[in-house]
Structure formats: structure tokens, C-alpha cells
Amino acid sequence: MQKLIAYPLSIIYYLLFGATLVIFHVVQWICFNLFGYNAHKKSVDVLCFFLVLNTYVLGTKYKIRGLEKLPPDTPLIVASNHQSWYDITTIGWYMRKIHPKYVSKIELGKGIPSISYNLRHGGSVLIDRKDGKQALSAIRQLAEYIEIHKRSAVIFPEGTRSNTGKPRRFAENGLKILCKYAPSAYVVPVTINNSWKMTRWGSFPLGIGTKIEFTIHDPIPVKDTPFPTLFEKTEQVIIQSIN
């Protein structure tokens with residue numbers, strides 16, 4: 001019965017989702033080209049608000065713990081497990097004050113209204129998973145960017161989404177480069193629960209009645225922590241809070 005109800009709700013959701021992307025693609029272009037970074041950033045914040053709001057049609061609820069732990073006016077490296085596309089929109093809206101920028105696969109850099117535009121022009125980097133040299137160079141570029149501008153890099157060390165909520169083994173290279181070239185940053189471990197349930201039946205129909213939970217853990221200063229210790233602590237604190 002729940003899956004049956006999910007079909008019409010998913011159709012409504014996708015109509016809202018598509019309209020939001022098309023409208024904000026134009027809004028972003030205007031803001032970026034006529035008014036610069038700050039206006040573009042605000043347009044992306046509003047985009048993320050509507051992308052989150054659209055999911056309410058599916059009965060989705062959100063619970064975010066630990067926002068008060070995010071230190072202001074300093075570079076941050078947000079490291080999280082990865083369960084679905086909805087991880088990104090949730091971070092984009094609820095953590096908007098820290099100016100999140102993403103390490104994203106190069107395929108997302110074109111063809112998706114709003115999303116591709118923001119990835120190309122909003123400070124994020126696109127990596128080619130088949131080209132390790134290019135990927136590490138792009139991540140270094142992002143690290144240097146957040147170090148200078150005191151913004152935030154978001155990385156999913158699993159590398160790809162977990163379709164069941166069970167975490168994959170974390171890879172250290174991306175996080176290591178971010179820490180090396182943003183030495184004044186704090187690593188912020190974040191645990192995501194239940195967002196995989198949004199796609200429990202695939203992309204259609206979408207899951208309904210999902211309660212997405214984010215737990216923001218205590219930040220770890222990069223300069224005071226040897227990387228092997230930082231990496232192990234980050235992975236463990238994230239995994240231990242996965243339901």
C-alpha cells in the first residue's frame with residue numbers, strides 16, 4: 001500500500017523538482033553574471049530551500065543535530081557518509097552558513113539545470129575518477145580556495161553512495177589532500193541516517209515518510225592532529241552513529 005501511494009506522490013514531486021531546477025538555473029545565471037558571488041550564493045541557498053521543501057510532498061522529515069558545533073569564520077572540511085542525492089540538498093540548505101562546496105564527479109558538471117551550473121560556477125570542483133592526477137589537483141584547488149576564503153569543502157570519503165545505509169570503506173586520499181592544503185581548517189565529521197530510504201525502490205517511485213537525520217560531530221583541528229589519527233577518528237565517529 002505504501003509503495004502504491006508513493007507513485008502519484010513521486011510524480012508530483014518530480015514535477016516540482018524539475019520546475020525548481022529550470023527556474024533557478026535562470027535565477028543563478030542572472031545573479032552570477034550581473035551581481036557576483038554573494039548574489040549567486042543566496043540564489044543557491046534559496047534553490048536548496050525549495051529542493052528540500054519539495055520533498056515534503058513525499059512526507060519527508062528532517063532532524064539536524066549539532067549545527068551549533070560549526071566554528072564560524074574558519075575553513076571547514078565536512079566529511080560524511082553518503083546515502084543519496086538528498087544528502088547534498090540537505091547540507092546545502094541546513095549548513096548554508098558555512099558556504100559548502102563539493103567534491104563532485106565530473107559527469108555532474110553538465111546536463112542538469114541548476115545543479116551543473118552551481119557546480120561549475122559556485123566554487124565546487126569536478127573530478128574525473130578515471131584520472132587520479134586530475135582528481136587530486138582539483139581537490140588541492142578546493143583546499144586552497146577554502147583556506148583563503150574561509151569556506152567549507154564537503155567530501156564523501158566512501159566515493160559513492162550506499163544504497164542500503166551500510167557504509168563502504170573510506171578512502172583517505174581526498175581528505176588527506178584537503179587537510180594538507182587547508183592547514184587551518186577543522187574536519188567536521190557528519191553522520192547521515194535514512195536518506196537511502198528515499199530511493200529504497202529506485203528512482204521511481206521514491207520512498208515516502210522518510211525521516212532524514214544528520215548528526216554533526218565535534219570538529220577536529222587539522223593542525224593539531226596527525227593525519228592517520230584524524231582519518232581514523234573521523235571514520236570511526238561517523239560509522240559508530242550510523243543506525
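User: Does Glu213 count as buried or exposed, and at what relative accessibility?

Analyst: Glu213 counts as buried because its relative accessibility is 13%, where buried means under 20% relative accessible area, exposed over 50% and partly exposed in between, computed with a 1.4 Å probe on protein chains only. The model is a predicted one, in which local features need pLDDT of at least 70 and side-chain atom pairs count only at pLDDT 80 or more, whereas totals for chains, interfaces and linings use all residues. Residues are numbered from 1 along each chain as its sequence is written, and side-chain values use heavy atoms, with hydrogens and water left out.

User: With which residue does Glu213 form a salt bridge, and how far apart are the closest N and O atoms?

Analyst: Side chains of opposite charge can pair when their charged atoms come close. The partner of Glu213 is Arg65, with 3.8 Å between the closest N and O atoms, which satisfies the rule of a Lys or Arg side-chain nitrogen within 4 Å of an Asp or Glu carboxyl oxygen. Glu213 belongs to strand 7 and Arg65 to strand 1 (residues 61–65), so this salt bridge ties together parts that are 148 residues apart in sequence; strands (E, at least two residues) and helices (H or I, at least four) are DSSP runs numbered from the N terminus. Arg65, at a relative accessible area of 32%, is partly exposed.

User: How many salt bridges does the structure hold, and which parts of the chain does the pair of Asp218 and Lys69 link?

Analyst: There are 4 salt bridges in the structure. Asp218 and Lys69 form one of them, at 3.4 Å between the closest N and O atoms, and this pair links distant parts of the chain, 149 residues apart: Asp218 sits in the loop between strand 7 and strand 8 (220–221), and Lys69 in the loop between strand 1 and strand 2. Lys69 is partly exposed, its relative accessible area being 34%. Another salt bridge joins the side chains of Lys41 and Asp45 at 2.8 Å, N to O; these two residues lie 4 residues apart in helix 2, which means a separation of about one helical turn, and both Lys41 and Asp45 are buried.

User: How should I read the aromatic pair of Phe32 and Tyr117, in terms of centres and planes?

Analyst: A pair of aromatic rings is described by the distance of the centres and the angle of the planes. Here Phe, Tyr and Trp rings (the six-membered ring of Trp) pair if their centres lie within 6.5 Å, counting as stacked under 30 degrees between planes, edge-to-face over 60 and tilted for the rest, and the count comes to 13 aromatic pairs. Phe32 and Tyr117 have ring centres 6.2 Å apart and planes at 85°, so they are edge-to-face. Since Phe32 lies in helix 1 and Tyr117 in helix 4, the pair ties together parts that are 85 residues apart in sequence; Phe32 is partly exposed at 28% relative accessibility, whereas Tyr117 is buried at 5%. Tyr56 and Tyr62, by contrast, are stacked, 6.3 Å centre to centre with 25° between the planes.

User: Which residues have the most contacts inside the largest nonpolar core?

Analyst: In soluble globular proteins, nonpolar side chains tend to be buried together. The largest nonpolar core (buried Ala, Val, Leu, Ile, Met, Phe, Trp, Tyr and Cys residues joined through side-chain atoms within 4.5 Å) has 35 residues, and those with the most contacts inside it are Leu70, Val78, Ile91, Met95, Val188 and Val190. The elements giving two or more residues to this core include helix 1 (2–35), helix 2 (37–54) and strand 6 (186–193). A second, separate core of 28 residues includes Ile155, Ile177, Val187 and Leu230.
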